[in-house]
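Subject: The structure we talked about, with notes

Dear colleague,

I am handing over the structure to you with this email, and I would ask you to open it before you read on. My notes come after it.

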Amino acid sequence: TLASRIVLTTNNQNRISTRDLKANDAVQQDMQRRFGSYNLLYEHKINQYATATLSAGQRIVSNEDVGQAFLAIALKKPGDARRRKYKVWTDNYQDIFSGNSVEPHVICLLLYQAGNTWARVARRESGITELQRKLINNWLLLIARIAAFLWRGDDSFGQPTATLQGQITTLQTTPTVVNPHFDSGLHRLEAIINANPDFGNDVDGALKSALLETAITRSLHAASAPAASGS
């Protein structure tokens, strides 16, 4: 509404972000509680845990990182998550923070964090191409979207809670298990770009486009589909 836009504009002028305005939402407080069961301190306010003393294995996670990872992986919109993260707090807020099962959010976040660790080594590998380095440095969320599918074998997060909890345990105890899938994701993304002249001629434009996201999804599902039996 016009009134809400005026409020947002006024608050933005006072350096209050849309994320700040959502900080006290009931769903954000619920996320904080449920992330805690996985030894993760969910930060829905800036510097919320600035003076906290962490217990063994405990980690602070930002609700913005959670939102970006979920938008990129579960909602299959890595371009928006990378270039238009304001959509986490506007257009896609209700889809991301639905109040449903929290395990998909934890999985997406842990995959993204594992990807960041993988990237620190991968960008220094010998023989890396210029495009690969660009993708690692600037478009890790696209690679994470692919790697998540390759590791999990599915785009859906509708599995039983016990199955999702098992994936969380794996990611928390042995996050390097996904490294080969990030390697494959990087090469697959590069191949998709190089195979399409429109993408190759304008890589930056392609990386921001929904067309590339569609091409990624099509490629993943085509590769995972069972071969048709002969008649």
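What follows goes from the whole chain to its helices and strands, and then to a few single residues.

Please keep in mind from the start that this is a predicted model. The secondary structure of the protein chain comes to 14 helices and 2 strands, and of its 231 residues, 43% are buried. The chain exposes about 11,900 Å², of which carbon and sulfur atoms supply 50%. If you take the contacts between residues at least 6 apart in sequence, 65% of them join residues at least 24 apart.

A good helix to begin with is α11, which covers residues 179–195. At 1.5 Å a residue, its 17 residues should span 24 Å, and the end C-alpha atoms are indeed 24 Å apart, which agrees. The buried residues in α11 include Phe182, Gly185, Leu186, Leu189, Glu190, Ile192 and Ile193. These residues cover an arc of only 160° around the axis, which means that they sit on the same side of α11. The face turned away from that buried side carries the exposed residues Asn194 and Ala195.

Helix α8, residues 130–138, can be read in a similar manner: its buried residues are Leu131, Gln132, Leu135 and Ile136. Their arc around the axis is only 135°, which puts them on the same side of α8. As for what they pack against, the buried residues of α8 meet α7 (103–122), α9 (140–152), α11 and α13 (203–207).

In helix α3, residues 26–36, you will find Val27, Gln28, Met31, Arg34 and Phe35 buried. Seen down the axis of α3, the buried residues fall within an arc of 125°, so they line one face of the helix. On the face turned away from the buried side are the exposed residues Ala26 and Arg33. The cover over the buried residues of α3 includes both strands, β1 and β2, together with α2 (18–22), α4 (63–73), α6 (93–96) and α7.

This brings us to the strands. In a regular strand the side chains alternate between the two faces of the sheet. In β1, residues 40–43, Leu40 and Tyr42 point one way while Leu41 and Glu43 point the other way, and all of them are buried. Strand β1 is joined by 4 bridges to β2 (residues 59–62), and the two run parallel. Across this pairing, glutamate 43 stands opposite serine 62 in β2.

Aromatic rings are worth a look as well, since the count comes to 5 aromatic pairs. In the pair formed by phenylalanine 35 and tyrosine 42, the ring centres are 5.0 Å apart and the planes lie at 45°, so the pair is tilted. Both phenylalanine 35 and tyrosine 42 are buried. Elsewhere, Trp89, Tyr93 and Phe97 form one aromatic cluster.

Next, which residues does arginine 145 contact, leaving aside its neighbours within four places in sequence? Arginine 145 lies in helix α9, and because its relative accessibility is 2%, it counts as buried. With those neighbours left aside, arginine 145 is in contact with Ala72, Ile73, Lys76, Pro78, Asp155, Ile216, Thr217 and Leu220.

Alanine 23 is found in the loop between α2 and α3, and with a relative accessible area of 7% it is buried. Although alanine 23 and lysine 45 are 22 residues apart along the chain, their C-alpha atoms are separated by 5.7 Å. Leaving aside neighbours within four places in sequence, alanine 23 is in contact with Gln28, His44 and Lys45.

Finally, there are two backbone angles to check. Most residues other than glycine have a negative phi. Asparagine 39, however, has a positive phi of about 65° although it is not a glycine; it is placed in the loop between α3 and β1, and it is partly exposed, with a relative accessible area of 29%. Asparagine 47, in the loop between β1 and β2, also has a positive phi, of about 60°, and at 55% relative accessibility asparagine 47 counts as exposed.

With best wishes

Key: Residues are numbered from 1 along each chain as its sequence is written. This is a predicted model: local features need pLDDT of at least 70, side-chain atom pairs count only at pLDDT 80 or more; totals for chains, interfaces and linings use all residues. Side-chain values use heavy atoms; hydrogens and water are left out. The expected span of a helix is 1.5 Å times one less than its number of residues. Buried means under 20% relative accessible area, exposed over 50%, partly exposed in between (1.4 Å probe, protein chains only). The arc is that of the directions from the helix axis to the C-beta atoms. Contact means heavy atoms within 4.5 Å. Two strands pair if DSSP finds at least two bridges between them. Accessible areas come from the Shrake-Rupley method with a 1.4 Å probe; for residues, only the protein chains shown count as cover. Rings of Phe, Tyr and Trp (its six-membered ring) pair if their centres lie within 6.5 Å; planes under 30 degrees apart count as stacked, over 60 as edge-to-face and the rest as tilted.
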